[in-house]
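Student: Before we discuss any labels, could you show me the model, and then take me through how each label follows from a cut-off?

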Amino acid sequence: MNSATSSATHSSECQANHPTDFSFTASAAAKVHELIVDHPTPLMLQIYITGGGCHGFKYNFKLADGHKQDDIIISRPLADDPNTVISVLIDRISHKYLNQATLDFRISPTGEEFVIQNPQKTTCGCGQSFA
């Protein structure tokens, strides 16, 4: 199996090592794959919450090559290559704010970005933070 990370699944749905309602779209999986495919060690996209912005909390993203035992890993296969599995990592504290959220990747005339659609949170006017 060609796995872009150390996690594996054969389902077309997101799978997690912990009960979660967090998911990520095929376009987000494809972008993560593009970012990590040529890296010599397996990587995951880590999503975490920090204080900041005008509403109090801010989403952050980074590439991680490892995880803590209580971190939550959500995995899904690529849409065009079901044998390649992409994983997203969320720490347990951030997961509380990301439950029922969906990570997407969008391309617009102003640029490219990961976007979190979170029905549990309200965003501020700048769109960069949430409460």
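Tutor: Let us start with burial: a residue is called buried under 20% relative accessible area, exposed over 50%, and partly exposed in between, with a 1.4 Å probe and protein chains only. This is a predicted model, in which local features need pLDDT of at least 70 and side-chain atom pairs count only at pLDDT 80 or more, while totals for chains, interfaces and linings use all residues. Residues are numbered from 1 along each chain as its sequence is written, and side-chain values use heavy atoms, with hydrogens and water left out.

Student: Why is lysine 31 called buried?

Tutor: Its relative accessible area is 14%, and buried means under 20%, so lysine 31 counts as buried. Glutamate 34, by contrast, has 51% relative accessibility and therefore counts as exposed.

Student: What makes the contact between glutamate 34 and lysine 31 a salt bridge?

Tutor: The term requires a side-chain nitrogen of Lys or Arg within 4 Å of a carboxyl oxygen of Asp or Glu. For glutamate 34 and lysine 31 the N to O distance is 2.9 Å, so the pair satisfies that definition. The two residues are 3 residues apart in helix 1, and therefore separated by about one helical turn; helices here are DSSP runs of H or I with at least four residues, strands are runs of E with at least two, and both are numbered from the N terminus.

Student: How do you know that lysine 31 forms a salt bridge with glutamate 112?

Tutor: The closest N and O atoms of lysine 31 and glutamate 112 are 3.4 Å apart, so this pair also meets the definition. Lysine 31 lies in helix 1 and glutamate 112 in strand 8, so the pair ties together parts that are 81 residues apart in sequence. Lys31, Glu34 and Glu112 are thus linked in a network of salt bridges.

Student: What makes the link between serine 87 and serine 75 a polar contact?

Tutor: A polar contact is a pair of N or O atoms within 3.5 Å; within protein, one must be able to donate a hydrogen and the other to accept it, and residues adjacent in sequence count only if both atoms are side-chain atoms. The side chains of serine 87 and serine 75 are joined at 2.6 Å, so the distance falls inside the cut-off. Serine 87, which lies in strand 6 (residues 85-90), has 0% relative accessibility and therefore counts as buried.
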